[in-house]
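Reader: I have a structure open on my screen and would like to talk through its side chains. Could you walk me through it?

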Amino acid sequence: MLLDAIEVSVVLVALPSIGADLGLTMWSVQWLMSGFALGFAAMLTLGPVLSGRFGLRRVYLAAMLLFALASVVGGLSDGMATLVASRLVKGACAALTAPAGLALIGTTFPGGPPQRRAVSVYSLFGAAGFTAGLLLSGALAPGHWHGTFLFPAPVALALLVWGFRVIPGGVRQPPTPLGGAILRNGPLVRATMGAATLNGAYIGLLSLATFRASDAFGWRPWQVALGLLPACVPLAVSVPFAGRLVQRFGTGRLIAAGALCALAGQLYALLRPGPLSYAAGLLPALLLVSAAFVLSFAALNMQAAQSVAPALRGAAVPVYQTGVQLGSVVMLPLVAGLATLTDGYRAPLLATSLVAAVGVVAAVGGLRERT
């Protein structure tokens with residue numbers, strides 16, 4: 001989870017530098033972000049099948065080795081096609097191991113406080129990884145952006161060695177057919193839609209904020225990284241307490257409150273004329289979308305994990321995580337394309353606001369459920 005989250009954010013701050021160095025528009029360079037998400041989404045449903053056939057240990061170790069190799073290939077390349085291909089491969093490798101984590105938590109901890117604590121720890125590593133990726137990108141990009149592609153390689157190799165030592169042989173993930181019971185599961189579908197809209201609008205806003213800070217404010221990569229921290233640090237700090245919040249308020253209320261905060265942040269960014277200053281322009285929007293994740297990120301994971309019976313979680317979790325990644329797959333090209341065509345930020349911010357509004361509708365529909 002930590003490595004996957006780092007990989008999502010480590011390239012974000014470097015995008016303007018990569019675009020300037022290679023002579024690429026925002027539309028072209030965004031494929032380095034959406035390529036990872038596309039590879040992730042495309043491979044997610046195949047992961048449990050491969051784990052069931054070859055064993056979780058073999059699939060995990062092979063994915064980590066291929067991830068490290070793709071990182072090296074991407075880090076040593078200046079060609080856009082090779083860079084995007086390496087990101088696609090790394091996204092696919094991450095998808096081979098990601099579903100097992102949340103499914104294993106749901107199986108090992110059937111419910112109640114132990115499961116909420118386990119999901120909180122799982123979510124903490126995701127939040128911490130995203131924050132670490134931003135800081136690493138800000139630190140590595142000024143030297144040269146190749147470092148942002150190379151850095152995950154030693155991390156993946158360390159996980160490969162660790163996995164070789166601790167994952168027992170012969171562990172197989174039993175295949176679970178994707179049946180109608182899963183697709184008709186209201187809480188799971190709403191959690192998937194809520195996570196997709198939350199993540200898609202969030203990553204779209206951050207990509208726009210990165211280019212706005214670089215172009216309008218003239219910020220260097222390390223300044224952009226620090227400027228984006230309010231959008232992710234509060235989540236990393238608050239996730240350990242997410243289980244208590246869910247126990248008190250339930251997942252439905254927290255998800256709805258988070259969706260409203262996300263919409264408020266998007267509308268604030270949309271309605272502020274011009275770039276203004278960071279304090280009056282970007283910062284309030286970033287804090288609002290950060291509050292959305294504080295309220296609903298862990299709650300969405302918990303609702304997805306507990307909405308189906310343990311026997312079905314092997315198929316339900318990939319559905320949920322595919323939805324999360326599809327949010328990025330759709331929104332990153334959309335906001336980049338609108339920003340390029342209109343030469344401004346109003347049209348893409350309108351798109352992210354509409355997606356956030358869809359998230360509110362989906363969240364409100366689940367308030368009647370006792371979750």
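Author: Happily! Keep in mind that this is a predicted model. A good place to begin is R57, which lies over the face of a ring, that of F164.

Reader: How far is R57 from the ring centre of F164?

Author: R57 sits over the face of the F164 ring. The distance from the ring centre is 4.7 Å.

Reader: And over the face of which residue does R212 lie?

Author: Here the arginine is R212, at 4.7 Å from the ring centre. The ring below R212 belongs to Y345.

Reader: Now for ring pairs: are F293 and F297 stacked, edge-to-face or tilted?

Author: A search of the whole structure finds eight aromatic pairs. In the pair F293 and F297, the ring centres are 5.9 Å apart and the planes meet at 35°. Stacked needs under 30 degrees and edge-to-face over 60, so the pair F293 and F297 is tilted.

Reader: Which helix holds F293 and F297, and which cluster do they belong to?

Author: Both residues are buried, and they are four residues apart, about one turn of the helix, in α16 (residues 278-306). Ring pairs link them into a cluster whose members are F130, Y202, F293 and F297.

Reader: Turning to the surface, is L69 buried, partly exposed or exposed?

Author: L69 is found in helix α6, which gives the most to a nonpolar patch, with three residues. That patch is formed by L65, L66, L69, V89 and L157, with about 400 Å² of accessible area together. The relative accessibility of L69 is 48%, and exposed would need over 50%, so L69 counts as partly exposed.

Technical notes: Residues are numbered from 1 along each chain as its sequence is written. This is a predicted model: local features need pLDDT of at least 70, side-chain atom pairs count only at pLDDT 80 or more; totals for chains, interfaces and linings use all residues. Side-chain values use heavy atoms; hydrogens and water are left out. Rings of Phe, Tyr and Trp (its six-membered ring) pair if their centres lie within 6.5 Å; planes under 30 degrees apart count as stacked, over 60 as edge-to-face and the rest as tilted. Helices (H or I, at least four residues) and strands (E, at least two) are DSSP runs, numbered from the N terminus. Buried means under 20% relative accessible area, exposed over 50%, partly exposed in between (1.4 Å probe, protein chains only). A charge sits over a ring if NZ of Lys or CZ of Arg is within 6 Å of the ring centre and within 35 degrees of the ring normal. Patches are made of residues with over 30% relative accessible area and no salt bridge: like charges are joined within 9 Å, nonpolar side chains (Val, Leu, Ile, Met, Phe, Trp, Tyr) within 5 Å. Accessible areas come from the Shrake-Rupley method with a 1.4 Å probe; for residues, only the protein chains shown count as cover. A salt bridge is a side-chain nitrogen of Lys or Arg within 4 Å of a carboxyl oxygen of Asp or Glu.
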